[in-house]
Amino acid sequence: MMEKLRFPGIKNLPEFLKRSKYVLIMVAAGILLLLLPAKRDQAPEQGSGVSGGEESFSVEAMEARLGEILSRIDGAGEVSVMLTVRSGTRRILAVDRELTQTGDQSRRSEETVILSTDNGEQAVSVGQNYPEFQGVLAVCPGGDDPEVCLKLTRALASLTGLSSGKITVCKGS
């Protein structure tokens, strides 16, 4: 038979606490863990240009990685890749914006957030914009085979976000 669940009143509170003491201890421990501040293992290196969880980006490394993976496509052979980009990698810095309004006039001010550490001062980075690709050239021994060209073009389009009109595949030695 099903027993009816009831909220313990003031009368039944000691009995409820006695039956549920382990559950209540676990809940209290969980709340305490949530309230503890997160420990940071590593501070960003000063002058590195990259802070926290950001990763660096290299066009040359991307070209090498693309060449390596595209070389695995059947019939392509060893692929060399060249990428062109519109602009370089840019950091997005934290900005403190303030809007002051006096009567009919309003004034805006913006300041880059600076973090002072033992090693000096550093702008706080909140993100990074990677370069936008402009075009791709892939050269490989199988570049004269239309089927291989199509496979490479589709792969490069999906990896770079470029349309097929900005991707060229050529036969090379």
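Helices here are DSSP runs of H or I at least four residues long, and strands are runs of E with at least two, numbered from the N terminus. Counted that way, the chain has 4 helices and 9 strands. Keep in mind that you're looking at a predicted model. Here's a quick tour, starting with the whole chain and then stopping at a few residues.

**The chain as a whole**
- Walk along the sequence and you meet the elements in the order α-α-α-β-β-β-β-β-β-β-β-α-β.
- The chain has 173 residues, and 23% of them are buried.
- Its accessible surface adds up to about 14000 Å², with 54% of that belonging to carbon and sulfur atoms.
- Take the contacts between residues at least 6 apart in sequence: 67% of them join residues at least 24 apart.

**A nonpolar patch**
- Val 23, Val 27, Ile 31 and Leu 35 together make a nonpolar patch on the surface, about 400 Å² in area.
- One of these, Ile 31, sits in helix α2, which covers residues 21-35.
- Ile 31 has a relative accessibility of 46%, so it counts as partly exposed, because that label covers values between 20% and 50%.

**Thr 160, a buried stop**
- You'll find Thr 160 in helix α4, which runs over residues 146-160.
- Its relative accessible area is 13%, so Thr 160 is buried; the cut-off for that word is under 20%.
- The side chain of Thr 160 has polar company: it comes to 2.6 Å from the backbone oxygen of Leu 156.
- A polar atom of that same Thr 160 side chain also lies 3.3 Å from the backbone nitrogen of Leu 162.
- Set aside the neighbours within four places in sequence, and Thr 160 is in contact with Leu 66, Leu 83, Phe 133 and Val 136.

**Gly 75, out in a loop**
- Gly 75 belongs to the loop between α3 (59-70) and β1 (80-85).
- With 49% relative accessibility, Gly 75 is classed as partly exposed, since a residue has to be over 50% to be called exposed.
- Not counting residues up to four places away in sequence, Gly 75 touches Gly 142 and Val 148.
- Gly 75 and Cys 149 are 74 residues apart along the chain, yet their C-alpha atoms are separated by 9.7 Å.

**Salt bridges**
- Side chains of opposite charge can pair up when their charged atoms come close.
- A salt bridge needs a side-chain nitrogen of Lys or Arg within 4 Å of a carboxyl oxygen of Asp or Glu, and the count by this rule is 5.
- One of them joins Arg 72 and Glu 68, with 3.6 Å from N to O.
- Arg 72 has a relative accessibility of 62%, so it counts as exposed.
- Another pairs Glu 110 with Arg 97, whose closest N and O atoms are 3.0 Å apart.
- Glu 110 is in strand β4 (residues 105-112) and Arg 97 is in strand β3 (residues 95-102), so this pair ties together parts that lie 13 residues apart in sequence.
- Glu 110 and Arg 97 are both exposed.
- Lys 171 and Asp 144 form a salt bridge too, with 4.0 Å between their closest N and O atoms.
- That pair links distant parts of the chain, 27 residues apart: Lys 171 is in strand β9 (residues 167-171), while Asp 144 is in the loop between β8 (133-140) and α4.
- Both partners, Lys 171 and Asp 144, are exposed.

How values were computed: Residues are numbered from 1 along each chain as its sequence is written. This is a predicted model: local features need pLDDT of at least 70, side-chain atom pairs count only at pLDDT 80 or more; totals for chains, interfaces and linings use all residues. Side-chain values use heavy atoms; hydrogens and water are left out. Patches are made of residues with over 30% relative accessible area and no salt bridge: like charges are joined within 9 Å, nonpolar side chains (Val, Leu, Ile, Met, Phe, Trp, Tyr) within 5 Å. Accessible areas come from the Shrake-Rupley method with a 1.4 Å probe; for residues, only the protein chains shown count as cover. Buried means under 20% relative accessible area, exposed over 50%, partly exposed in between (1.4 Å probe, protein chains only). A polar contact is a pair of N or O atoms within 3.5 Å; within protein, one must be able to donate a hydrogen and the other to accept it, and residues adjacent in sequence count only if both atoms are side-chain atoms. Contact means heavy atoms within 4.5 Å.
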